[in-house]
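Here is a brief report on a protein model. Please keep the sequence and the structure in view while reading.

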Amino acid sequence: MTILHIHGGDRLSGRVHPARFKHSVVTAIAVGALSRAPVTIVDPPDIVEMRVLAGLLAAAGADVACAPGRMTIEARGLGQDMELAAAGAIHGSVYLAPAFLARNGVAHMTAAGGCRIGAGAAGLRPFGHYVKIFRRFGAEVAQTDAERLTITAHHLTGTEIDLLDFVDDRGARSGPLFSGASKMALLCAAIARGTTVLRHLYPKPDVMDLPPLLARMGARVDWLDAHSVRIEAEGGAALAREAAYDPPADLIELTTWIVVGALLARDRIVIEGPGLAPALAAIEPERGVLARFGVVVEGDGDTLTITPTKSLRPTSFAAQSCGVFSDAQPLLALLACHAPGRSCLTDLVWSGRFAYADGLAQLGARIDRRGGALTLQGPTQFRAGQRLTAPDLRAAAAYVIAALCIPGETIVDDAGHLPRGYEGLVDNLRLLGARIETL
């Protein structure tokens, strides 16, 4: 268990370089596992999820070469089954199942690991939508125990799927299954025989970047409209061209650094590096919320400048699949804590994403949680000397930033969530001037 001892109250300044988008790299690795030719991912983040995925593929016979600035997957030797104990430690392992199914005619899947943000008491993420996707392509699926599935198929057959069948609210186009169903449907379509039509795909880069990547690998891909695609496949035989994927900067890390700059910058914090322009475009919903809070983001291209926000305004917003990321919601809540007045936050994706509220309340925030909404009354009279336990990745990041704003000492337990989604967040904060000790 990682414990952070944080000495807050200092102002920060300097430059940071966000890593590449975790969610996009995870799905690109899954695409690489389908291919009969090498697939290279440019500058993948050095986080736990990447190491586990690379280890799972290597243990199953793939050649995974990790060099500075790139990861190359040569999956022709993939054959052995996936090691489920290791797979259950992370979320992204579920997307390797189509590759094992294509190679072996059978694949085993364990319930997704990662953050416990699901609806049940245990917070487990659902996997019933994956069952439906596989069955739509003609596979047989059996649940071997409470958390494991066995998928079998001699081959998958092309089909037509409306991904809005996997949302809770068709009007809002939002829900916890939308993203995962879109990813699994694209992966299955790439190795199916015949024509697959997928309508209303989840609109974020970790899904929308996949069809162009499959096309570069040899699949026949036609866009029917901005969010619907037709894929002509030959059981994966066409995926025989070497390809590369250059992911955007991490959208959630970019939002994290903007919040850090708004709350903690001495004069300014500069965010720079490749992939920022597409990432900035992809967080347009977050930028709208930030602007309503009063946060100013200057620059474009590969350099952004964040200056301290002198006067924050209360703002209400909803996190939803086609809008503000649910992952970003705990970070934006920190701005609401500092804004004089009432802010209301609603999450239409993950009902378990409000677990961080208890820690902020312990620090002094006035929070009222009812169902899928959280109301914060600012400004918060923060208290130092608290010891918090982080329930998940984004809560851990929010606690660390909140503690840095408070003159005095705060301890954050279970901060080991951070390396699953951030490459060196604590080290980068130290480089900006934060005083954080790892115990």
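The report below covers sheets, a buried helix, cavities, a pocket and one loop residue.

## Basis

This is a predicted model. Local features are described where pLDDT is at least 70.

## The sheet with strand 1

Four strands form an open sheet. Their order is 21-22-1-23, and the pairing is mixed. Strand 21 (387-389) and strand 23 (435-438) stand at the edges. Each has a single partner strand, so one side of each is left without a neighbour in the sheet. From one strand to the next, the twist averages 20 degrees.

Strand 1 (residues 4-8) runs antiparallel to strand 23, and four bridges join them. One residue pair fixes the register: Leu4 has Thr438 of strand 23 as its bridge partner. Helix 14 lies across this sheet. It covers strand 1, strand 21, strand 22 (408-413) and strand 23. Its direction makes an angle of about 35 degrees with strand 1.

## The sheet with strands 17 to 20

A second open sheet also has four strands, in the order 17-18-20-19. Here too the pairing is mixed. The edges are strand 17 (317-319) and strand 19 (366-370), each of which pairs on one side only. Neighbouring strands are turned by 20 degrees against each other on average, direction ignored.

Inside the order, strand 18 (residues 341-347) pairs with strand 20 (residues 373-378). Six bridges hold this antiparallel pair. Leu345 has Leu374 in strand 20 as its bridge partner.

## Strand 14 and its partners

Strand 14 (residues 265-272) pairs with strand 2 (residues 12-16) in the parallel sense, over four bridges. Leu12 is matched there with Ala265 of strand 14.

Strand 14 is also joined by four bridges to strand 16 (residues 303-306), and these two run antiparallel. In strand 16, Ile306 is the bridge partner of Ile269.

## Helix 5 and its cover

Which residues of helix 5 are buried? They are His129, Tyr130, Val131, Ile133 and Phe134. The cover over these residues includes helix 4 and helix 6. It also includes strand 6 (106-110), strand 7 (140-145), strand 8 (148-152) and strand 9 (160-162).

Just past the end of helix 5, Gly138 has a positive phi of about 95 degrees.

## The cavities

How many cavities of 30 Å³ or more does the structure hold? There are two. The largest cavity encloses about 530 Å³ of space. It is lined by 36 residues. The closest to its centre are His23, His91, Arg125, Asp327 and Trp350. By class, the lining has 15 nonpolar, eleven polar and ten charged residues. Helix 1 (22-34), helix 5 (128-136), helix 6 (178-191) and helix 14 (393-404) each supply at least two of the lining residues. Helix 6 gives the most, with four residues. Helix 14 thus appears twice in this report: in the lining of the largest cavity and across the sheet with strand 1.

The second largest cavity has a volume of about 30 Å³. Its lining draws on Ala19, Arg20, Lys22, Pro45 and Ile47. Asp250, Glu253, Gly421, Tyr422 and Glu423 line this cavity as well. The lining divides into four nonpolar, one polar and five charged residues.

## The largest pocket

About 300 Å³ of space lies in the largest pocket. It is lined by 15 residues. Closest to the centre are Arg36, Leu101, Ala102, Arg103 and Gly235.

Which helix gives the most to this lining? Helix 4 (residues 97-104) does, with three residues. Helix 4 is also among the elements that cover the buried residues of helix 5. The pocket lining has six nonpolar, five polar and four charged residues.

## A loop residue

Where is Glu83 found? Glu83 sits in the loop between strand 5 (70-74) and helix 3 (84-87). Is Glu83 buried or exposed? Glu83 is partly exposed, because its relative accessible area is 44%, which falls between the cut-offs of 20% and 50%.

Ser93 lies ten residues from Glu83 along the chain. The C-alpha atoms of Glu83 and Ser93 are separated by 10.0 Å.

Terms used. Residues are numbered from 1 along each chain as its sequence is written. This is a predicted model: local features need pLDDT of at least 70, side-chain atom pairs count only at pLDDT 80 or more; totals for chains, interfaces and linings use all residues. Side-chain values use heavy atoms; hydrogens and water are left out. Two strands pair if DSSP finds at least two bridges between them. Axes are lines fitted to C-alpha atoms, for helices over the stretch in contact, and angles run from 0 to 180 degrees between N-to-C directions. On a 1 Å grid over the protein atoms alone, a cavity is a set of points where a 1.4 Å probe fits but cannot get out, and a pocket is an open set with protein on both sides within 12 Å along at least five of seven lines; lining residues have an atom within 4 Å of a point. Grid points are joined across faces, edges and corners, and a volume is the space filled by probe spheres set on the points. Ala, Val, Leu, Ile, Met, Phe, Trp, Tyr, Cys and Pro count as nonpolar, Asp, Glu, Lys and Arg as charged, and the others, Gly among them, as polar. Buried means under 20% relative accessible area, exposed over 50%, partly exposed in between (1.4 Å probe, protein chains only). Contact means heavy atoms within 4.5 Å.
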